[in-house]
Amino acid sequence: MASVQVTGSSFGTRSVPSFDGLHRSTVRFSSVVPTRVGVSQRSYKGLVVKAATVVAPKYTSIKPLGDRVLVKIKTAEEKTVGGILLPTTAQTKPQSGEVVAIGEGRTVGKTKVDISIQTGAQVVYSKYAGTEVEFSGSNHLILKEDDIVGLLDTDDIKDLKPLNDRVLIKVAEAETKTAGGLLLTEAAKEKPSIGTVVAVGPGLLDEEGKRKPLTVATGNTVLYSKYAGNESKGADGSDYITLRASDVMAVLS
């Protein structure tokens, strides 16, 4: 039996024979025209979209206002621990940097509260916080003090000193077997939401400008919200997560 091959770019309104038993019939097709939405079909491989706001060279300084700070973003790692070069797409966007300028602080109730972070401090900040700016040839981030997760003077996340209501937790290892003793594959292992508190922040400020201690303490085993916080890998290969105390749902014992 003869076959007819039809492609969308090769036919318009015309008759195409088809066979229904022994009877020859005609089937009509409408022309297929690609929909155009005001954009020509060109290649834009060379188009680069920059998210950072570029500050012109005529400006020589940036002074944050209120409770904001200016952080110089740490350069992304270009190599693995073993020395293998990473392609740009595989480089993890850094979430740490150095504080280079601070605002004058904020008012809580009737109390004037200075920013607790000093210039020169090495900090870790929330993943999607702040506004990125390109200044003096480097990428910076302007963010609120509350968006800073903690202070980190080393390259190991376990040494983080949480700020405000942040809590640093060492994540428990995922179960490797089912209740019946069957081994689980890596893909089947459920992401744990349980861990041990490694460090806690000093707490939030009340209306009088005084710190309210957190209800969780170092050493507590806790259950926390599944999709909260910033995840990190420690130098020892362990998983850590930093989140707000309000994302801790229970203490286990």
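Q: In which strand is the place of Leu143?
A: We're looking at a predicted model here. Find Leu143 in it, and you'll see that this residue sits in strand S10.

Q: Is Leu143 buried or exposed?
A: A residue is called buried when its relative accessible area is under 20%. Leu143 has a relative accessible area of 2%, so with that cut-off in hand the label for Leu143 is buried.

Q: How far apart are the C-alpha atoms of Leu143 and Leu70?
A: Along the chain, Leu143 and Leu70 are 73 residues apart. In space, though, the gap between their C-alpha atoms is 6.7 Å.

Q: Which residues does Leu143 touch, not counting residues up to four places away in sequence?
A: Let's skip the residues up to four places away in sequence, as they don't count here. What's left for Leu143 is Asp67, Arg68, Val69, Val71, Tyr125, Ala129, Gly130 and Ile148.

Q: How many residues does the largest nonpolar core have?
A: Leu143 is one of the residues with the most contacts inside this core, along with Val69, Val71, Ile117, Val123 and Ile148. In soluble globular proteins, nonpolar side chains tend to be buried together. For the largest nonpolar core here, the count is 15 residues.

Q: Which element gives the most to this core?
A: S4, S5, S8 and S10 are the elements that give two or more residues to the core of 15 residues. The one that gives the most does so with three residues, and that's S4.

Q: Which residues does Val69 touch, not counting residues up to four places away in sequence?
A: Val69 is among the residues with the most contacts inside the largest nonpolar core. Leaving out residues up to four places away in sequence, Val69 touches Pro64, Ala101, Ile102, Ile115, Leu141, Ile142, Leu143 and Ile148.

Q: What is the order of the eight strands in the open sheet?
A: The pairing in this sheet is mixed. S3 (53-54) and S12 (161-162) each have a single partner strand, so one side of each has no neighbour in the sheet and they stand at the edges. Reading across, the order is S3-S9-S10-S4-S5-S8-S11-S12.

Q: Which residue is the bridge partner of Lys72 in S5, and which stands opposite Lys72 in S10?
A: S4 (residues 68-73) pairs with S5 (residues 96-102) in the antiparallel sense over five bridges. S4 is also joined by five bridges to S10 (residues 138-144), again antiparallel. Lys72 has a partner in S5, Glu98, and in S10 the residue opposite Lys72 is His140.

Q: Which residue takes a positive phi in the hairpin of S9 and S10?
A: S9 (residues 131-135) and S10 pair in the antiparallel sense over five bridges, and Thr131 stands opposite Ile142. The hairpin has two residues between the strands. With a positive phi near 55 degrees, the one you want is Ser136.

Q: Is Ser126 buried or exposed?
A: Ser126 lies in the loop between S8 (122-125) and S9. Leaving aside neighbours within four places in sequence, Ser126 is in contact with Gln95, Asp147, Val149, Arg166 and Asn230. The relative accessibility of Ser126 is 17%, and the cut-off is under 20%, so Ser126 counts as buried.

Q: How far apart are the closest N and O atoms of Asp146 and Arg244?
A: Asp146 lies in the loop between S10 and S11, while Arg244 is in strand S19 (residues 239-244), so their salt bridge ties together parts that are 98 residues apart in sequence. Asp146 is partly exposed at 30%, and Arg244 is partly exposed at 23%. The closest N and O atoms of this pair are 2.7 Å apart.

Q: Which residues are linked with Asp146 in a network of salt bridges?
A: Asp146 also forms a salt bridge with Arg166, with the closest N and O atoms 4.0 Å apart. Arg166 is in strand S13 (residues 166-171), so this pair ties together parts that are 20 residues apart in sequence. Arg166 is buried, with a relative accessible area of 4%. Linked with Asp146 in the network are Asp165, Arg166 and Arg244.

Definitions and conventions
Residues numbered from 1 in each chain as written. Predicted model: local features only at pLDDT ≥ 70, side-chain atom pairs only at ≥ 80, totals over all residues. Heavy atoms only, no water. Pairing = 2+ DSSP bridges. Helix = DSSP H or I, 4+ residues; strand = E, 2+ residues; numbered from the N terminus. Buried < 20%, exposed > 50% of the residue type's maximum accessible area, 1.4 Å probe, protein only. Contact = heavy atoms within 4.5 Å. Core = buried A, V, L, I, M, F, W, Y, C linked by side-chain atoms within 4.5 Å. Salt bridge = Lys/Arg side-chain N within 4 Å of Asp/Glu carboxyl O.
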